[in-house]
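Colleague: I am new to this model and would like a close look at a single residue and the part of the fold that surrounds it. Please take me through it slowly, and explain the terms as you go.

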Amino acid sequence: MERFFQMLQPSPGAQGEPTLESTGLALLLAFSLGQLFAWFYSRTHAGISYSRTFTQSLVLIMMVVALALHVIGNNIVTAFGLIGALAIIRFRNVLKDTRDTAFVFFSLIIGMAIGVGRYNAALVGTAGLLLAVLVMEATRFGSRGHFDGHLSLQVVANSDEKSRRRVLDRFCRKFREVSVRMAGGGDESEVILRVRLRDRRRGPELLEALNELAAVRRADLILRDELAEI
Amino acid sequence: MVRSQKIRIPLSERLHDFRRGPLQVLIWAGAAVTAFVLIERKQARFEFQGVVRALQAEISADVDGRIAELLVVPFDDVAAGETIARLDDALLLAEIETSLASIEELRQQIEIERMRVQADLDAQNERRLDRLRRERNEEARDYDTELRRYHSELRRYRIDEEEQRLARLAVEVQIEADLVERERRDLKVQRTRELVAAGDTAIEKLDDAELKRDQVDATIKENRKLVEALVEVYHAAVARRRDFEARKPLSIRETPIPAAPDMLPVFASVRAETLRVEEIRVRRRALTLTAPFAGRVSSVLAARGQALLAGEPVAMLTSPYADEILAYVPEEAIEAFRLGTRVLVSRRADTKLTAEATVTRLGPAVEELPARLWRSAAQPEYGRAVLCAGVSGLDLTPGESTVVRLVN
């Protein structure tokens, strides 16, 4: 344990000038801790305003700020320059998305790094941040509630659900009823389920199988656009 | 009939699931482990700041004076004993002249006294002969006459002794004057040689300068031989006096012979001149500032013609060879350093090349690091100084900053 805390002490003899190694370390650590932080945020978020890009921007902003401090160091002039640049950008552009803010900040910091001659930090920072963006995009980081779409069924009221469930079990990995509504003057029910298909391409087969059931009058499947922000 | 067999999840979906689940965890774990390893590697190095220490000396004059010659410029290489600067010798030459004049004065006084003693002895002899003729008794002795005679003889021996001492002093003072002249000639030869090498003067001038210098050299050698001979003569004079004292007549053996009171000031002046010659010798040596070791002139702090007080620096000399590192160890890592601890040293400009060194000295206290070694210009740092020696193979430049690491 003591060794762990010793490791966390500032390295004796470390120079103020950032090196490739120190910049890389800062970005890696920021990425790791940011991702942990974002996971906790994603898992504990309650409400309807969840945003995947916001979750990703938590990681990006952590990395960008780590890079910014590497560039600024103890130079108060550079720090004030950064504040001024941020203020100008903020008042000239209304940034609706947090991820946009992260990217704007990122551009600012890289430009500042180049301007003060910290080319190491600029190069490593650019590579690290872009890699982080690619990785998060490739892994769909921040998305939750994996489901493929909504299945809307018009069924005979009070009909047996077993056969319906068998069909759903066959085609879906999971499904959940999200609403039930009486329709057709009380003879029918409209059931809406959130489904996650085992094979998205076989959605029509699912509908066909459901329509074959006597209790099912009508079945509609609305697949979710992957790009939709939910 | 409803088929219950679940349809197969295609590979693309599985990959999709993998990307959205375990892959994120894997990537996160990889980043965390890499960061952990980098941190540990950074800490495990126990890197410390160090500065290459080289032998440095401040060349300064031991006496007040004015710089007559400044023979180096910054970054000149000098050999051990090479002349760096010369102070003006006019005052010393004046002192030498004064000393010579004083010695001559003392010689005259002693000569006068010698003549007086001789006259006194002659008068005593005459009176003795008269008495003997009157009393026709060769064995009659007058006690008082005997005593006065002995006294006068002894004074003559003492005078003889002091005369020899003065003669030696005079030659020694002359040698000092010649040495001053010789140093001037040496500089002239050196300057002429440089002019000849540059083609600005004929080689005959160099020959002429060397000839004059050699003449002074020869005079000095002759005078030194003369001093040796005079020392022999002086010792002989002392021996004669002691021998005479040993042959004191029986009739006056018990009678104490007082020192001649009128001669005491002269004898004291001779002693004073002896000491003054020594002083001249010391001052002459102090006129020439030489390099205590072979090195490079790192800075010149005075100019030709400048008046200096004793101790004021004229130049700084640095040895080009450096094999010692002065490292500063933070308080939290002090325990790891003991005498004999092995460390790895590398130049900050090239940390890949390392050399081993050993801790030879530990500073007594935690002190402030030189500002150039601070990580942040606005934040002073403190550490204990540790001297590491025995570094070889790194081509260190004195004053260069280095990285010192403990050998695991």
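What is the relative accessible area of A:Thr101, and does that make A:Thr101 buried, exposed or partly exposed?

Modeller: The model is predicted, so local features need a pLDDT of at least 70 and side-chain atom pairs count only at pLDDT 80 or more, whereas totals for chains, interfaces and linings use all residues. Residues are numbered from 1 along each chain as its sequence is written, chains are lettered from A and ligands numbered from 1 in the order in which they are written, and side-chain values use heavy atoms, with hydrogens and water left out.

A:Thr101 has a relative accessible area of 32% and is therefore partly exposed, a class that lies between buried (under 20%) and exposed (over 50%), computed with a 1.4 Å probe and protein chains only. The residue belongs to helix α5 of chain A, where helices (H or I, at least four residues) and strands (E, at least two) are DSSP runs numbered from the N terminus. Although A:Thr101 and A:Ile61 are 40 residues apart along the chain, their C-alpha atoms are separated by 8.5 Å.

A:Ile61 leads to the first neighbour to consider, helix α3 (residues 52–72) of chain A, whose axis comes within 9 Å of that of α5(A) and crosses it at roughly 15°; axes here are lines fitted to C-alpha atoms, for helices over the stretch in contact, and angles run from 0 to 180 degrees between N-to-C directions. α3(A) and α5(A) are therefore roughly parallel to each other, since angles under 35 degrees count as roughly parallel, over 145 as roughly antiparallel, 65 to 115 as roughly perpendicular and the rest as oblique. Their crossing is left-handed, that is, the near helix is turned anticlockwise from the far one by less than a right angle, clockwise being right-handed. In this contact (heavy atoms within 4.5 Å), the residues of α3(A) include A:Phe54, A:Leu60, A:Ile61, A:Val64 and A:Val65, and those of α5(A) include A:Ala102, A:Phe103, A:Phe105, A:Phe106 and A:Ile109. By class, the contact of α3(A) with α5(A) has 16 nonpolar, 4 polar and 1 charged residues, with Ala, Val, Leu, Ile, Met, Phe, Trp, Tyr, Cys and Pro taken as nonpolar, Asp, Glu, Lys and Arg as charged, and the others, Gly among them, as polar.

A second neighbour is helix α6 (residues 119–138) of chain A, which packs against α5 (residues 98–115) at an angle of about 160°, with the two axes 8 Å apart. That angle makes α5(A) roughly antiparallel to α6(A), and α5(A) passes α6(A) in a left-handed crossing. From α5(A) the contact draws on A:Arg99, A:Phe103, A:Phe106, A:Ile110, A:Ala113 and A:Ile114, while α6(A) contributes residues including A:Tyr119, A:Gly125, A:Leu129 and A:Val133. This contact of α5(A) with α6(A) has 10 nonpolar, 2 polar and 2 charged residues. A:Phe103 and A:Phe106 are thus listed in the contact with α3(A) and also in the contact with α6(A).

Following α6(A) further brings in helix α2 (residues 20–44) of chain A, with axes that come within 9 Å and cross at roughly 25°. α2(A) and α6(A) are therefore roughly parallel to each other, and α2(A) passes α6(A) in a right-handed crossing. Here A:Leu20, A:Thr23, A:Gly24, A:Leu27 and A:Phe31 of α2(A) touch residues of α6(A), among them A:Ala121, A:Val124, A:Gly125 and A:Gly128. The residues of this contact divide into 7 nonpolar, 5 polar and no charged. A:Gly125 is listed in the contact with α2(A) and in the one with α5(A).

Beyond α6(A), the loop between α6 and β1 (149–156) of chain A holds A:Arg140, which is buried because its relative accessible area is 10%. A:Arg140 has a positive phi of about 55° although it is not a glycine. Among the residues that B:Gln24 touches, leaving out those up to four places away in sequence, are A:Arg140, A:Phe141 and A:Gly142. B:Gln24 itself is in helix α2 (residues 22–44) of chain B and is buried, with a relative accessible area of 7%.

As a setting for these helices, chain A has 8 helices and 4 strands, and 44% of its 230 residues count as buried. Of the contacts in chain A with a separation of 6 or more, 73% come from residues 24 or more positions apart.
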